[in-house]
Amino acid sequence: MADKGFDPMKLMRDARDTGMDAWAKLMLRLTGSHQYQRMQGFISKPTLLAIAMFRKASDSTMGGVLGNLNMPSREEVLQISQRLTHIEMALDDLAAGLDQLRRSAGAGAGAAASKPQRSPSRDVPTETRPVSAKDA
Amino acid sequence: MAETESAPGMIEKLSTMFDNLVKVTTTKAPIAQTPKQAIWRLNKATLYRYTPVKPAEERHRTPLLLIFALMNKSSILDLRPGNSFVEYMVNKGYDLYLLDWGVPGPEDAHLELADYVLEYIPRAVRKMKQVSGSETFSLLGWCIGAMLSTLYASLRGHSEGLKNLTLLTAPLDFTDKEEISLARMTEERYFDVDRVLQAFGNMPAGLIDYGAKMLKPVENFVGGYMRLLDNLDNTKVVDSWHAMNTWVNDAIPLAGGAYRQFIVDFYRGNKLMNGTLTIRGEKVDLKNLKANLLNVIAEDDHITPPCQSKRLMDKVGSADKLELRVPGGHIGVMAGSGASKGTWPKVESWIAARSD
């Protein structure tokens, strides 16, 4: 009964949590300080410069190799991708415009349905094609 | 007697702990499980519509669009069954949509905030309005998603039928730089944003993750694992931890152009609050934000402290606006264990009152 309240694991956990709290506060003060940020900047500058130089060198070497093999360079592939996105946007706008037209034509047809039917003319059946699942 | 009962119990407990340890170290938790359909795509972005669970006549008339940040996956909004904001809102009868930004590649390094605000969001809104048949809509943005939503609401919201805007932990005001740890980290004298982008094109996910974790290094690098260790025999807690850990470690890069603007125009220039921000030549005037506004501020947020969101209330042109302060951190406020009884009902009831 006496040792029912005694839990060595809990004691250890409490001690650990207290230690971690103190550690967290210390680290927060350290990483939040201007000195720490200055050190980070100091370390990162040469690293970033080296990465940028390596990237430039590899791009130029690979560009030459790919050019000799009649293959598009990285830059060209990226440009194609960007142009595809622009085409995608234009298509999206076209699809939305068509949808708008279809709706207004549908509304017009709905209004016309309540009026006496005219004889079919050439310009009427444009909206009669079935709408595919893709259109929806 | 007690010993004979505890031995099998101990073996079972050890077995559970072992199984849980294997699970969290070797698998990814299944997240974002709520049924949805992709209804629109543009480049890497996808607009999803969540499958409604209520018949049309019982649903709210105004659809709701969710927009999350650019540098983390939107699956946090639909973390796991039983702890998913998306699931909660679908069950409450919303016609719910999610604009997922996808993962930018090197070809997207040029994308700027203008592209997201003036090209992607308006097109996604157009598609949502077409599918839902509603001319008005509600928008909910979280973190940078809230910032993008604010810009969109100021520039296009009024003309495109934005009725209700909910912002969660929106980083908009960068006046108090000493209070904002990330602002200190990205000060010009310490952080050369152009050199980073020259090296990588986009801002790498690893660097963003490192920066965010260094705001509370011990809690993020050690504390989380200690919590797991303490609860390894509790499968429910482990599953929750696993889902969150899967999401946290699935960060994505941020398009270089947008990141540069975010640092230079927002963190350093505070241009939105100063009224000097222009997006593709258009001045962003917060007075043009006229939608009903709910501004949710997390009181213990160390990534977007409350000072970054509160001043917005005085700047917007909304007649119906409310600032809601909730306990919790940047992510916990919406994805923590208490969110389903704290933040979600408050946000939902505010939107519901303005959705029919």
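A residue is called buried if 20 or more other C-beta atoms lie within 10 Å of its own, and exposed if 12 or fewer do. Keep that cut-off handy for the close-ups below, which all come from a predicted model.

**Figure 1. Cys143(B), a buried loop residue with a positive phi.**
Start in the loop between β5 and α4 of chain B, which is where Cys143(B) is found. Cys143(B) has 25 C-beta neighbours inside 10 Å, so it counts as buried, given that 20 or more is what the label takes. Now check the backbone: phi of Cys143(B) is positive, at about 60°, although Cys143(B) is not a glycine.

**Figure 2. Asn70(A), an exposed loop residue with a positive phi.**
Hop over to chain A and find the loop between α2 and α3, the home of Asn70(A). Is Asn70(A) buried or exposed? Asn70(A) counts as exposed because it has 6 C-beta neighbours inside 10 Å, and the label applies at 12 or fewer. Its phi is near 60°, a positive value in a residue other than glycine.

**Figure 3. Strand β5 of chain B, covered along its length.**
Strand β5 of chain B spans residues 137–142, and six of its six residues are buried. Which residues point which way from β5(B)? Phe137(B), Leu139(B) and Gly141(B) point one way, while Ser138(B), Leu140(B) and Trp142(B) point the other way, and all are buried.

**Figure 4. The strand partners of β5(B), and the path to β6(B).**
Take β3(B) to begin with: this strand, residues 64–67, pairs with β5(B) in the parallel sense over four bridges. If you'd like one bridge to look for, Leu65(B) has Leu139(B) of β5(B) as its bridge partner. Then there's strand β6 of chain B, residues 162–168, which also pairs with β5(B) in the parallel sense, over six bridges. Here, Ser138(B) has Asn164(B) of β6(B) as its bridge partner. How does the chain get from β5(B) to β6(B)? It crosses through helix α4 of chain B, residues 144–157, making a right-handed β-α-β crossover.

**Figure 5. Helix α14 of chain B, with its buried residues on one face.**
Helix α14 of chain B runs over residues 343–352, and its buried residues are Thr343(B), Val347(B), Glu348(B), Trp350(B) and Ile351(B). Looking down the axis of α14(B), you'd see these buried residues fall within an arc of 165°, so they line one face of the helix. Some helix geometry is handy here: an α-helix has 3.6 residues a turn, so residues three or four places apart point the same way.

**Figure 6. Trp350(B) and its surroundings.**
Stay in helix α14 of chain B and zoom in on Trp350(B). Why does Trp350(B) count as buried? It has 20 other C-beta atoms within 10 Å, and 20 or more is the requirement. Setting aside neighbours within four places in sequence, Trp350(B) is in contact with Leu294(B) and Leu322(B). Asn292(B) is worth finding too: it is 58 residues from Trp350(B) in sequence, yet their C-alpha atoms are 9.9 Å apart in space.

**Figure 7. Chain A and the side that touches chain B.**
Chain A has three helices and zero strands, so to describe its elements from the N terminus on, you just say α-α-α. Of its 136 residues, 0% count as buried. Chain A is divided into domain 1 (8–71) and domain 2 (72–106), with C-alpha centres 39 Å apart.

Now for the contact between the chains: 27 residues come from chain A and 27 residues from chain B. On the chain A side, α1 (8–31), α2 (34–68) and α3 (74–113) each supply at least two residues. Which helix gives the most? That's α2(A), with ten residues. Sort the residues on this side of chain A by type and you get twelve nonpolar, eight polar and seven charged.

**Figure 8. Val196(B), a buried residue in contact with chain A.**
Val196(B) is found in helix α6 of chain B, residues 193–200. It is buried, with 22 other C-beta atoms within 10 Å. Leaving out neighbours within four places in sequence, Val196(B) is in contact with Leu48(A) and Met203(B). As for Gln37(B), it sits 159 residues from Val196(B) along the chain, and their C-alpha atoms are separated by 37 Å.

Technical notes: Residues numbered from 1 in each chain as written. Chains lettered and ligands numbered in written order. Predicted model: local features only at pLDDT ≥ 70, side-chain atom pairs only at ≥ 80, totals over all residues. Arc of directions from axis to C-beta. Domains from an automatic or database assignment. Contact = placed C-beta atoms within 7 Å. Nonpolar A, V, L, I, M, F, W, Y, C, P; charged D, E, K, R; others polar. Pairing = 2+ DSSP bridges. Right-handed = clockwise from strand over helix to strand, strands pointing away.
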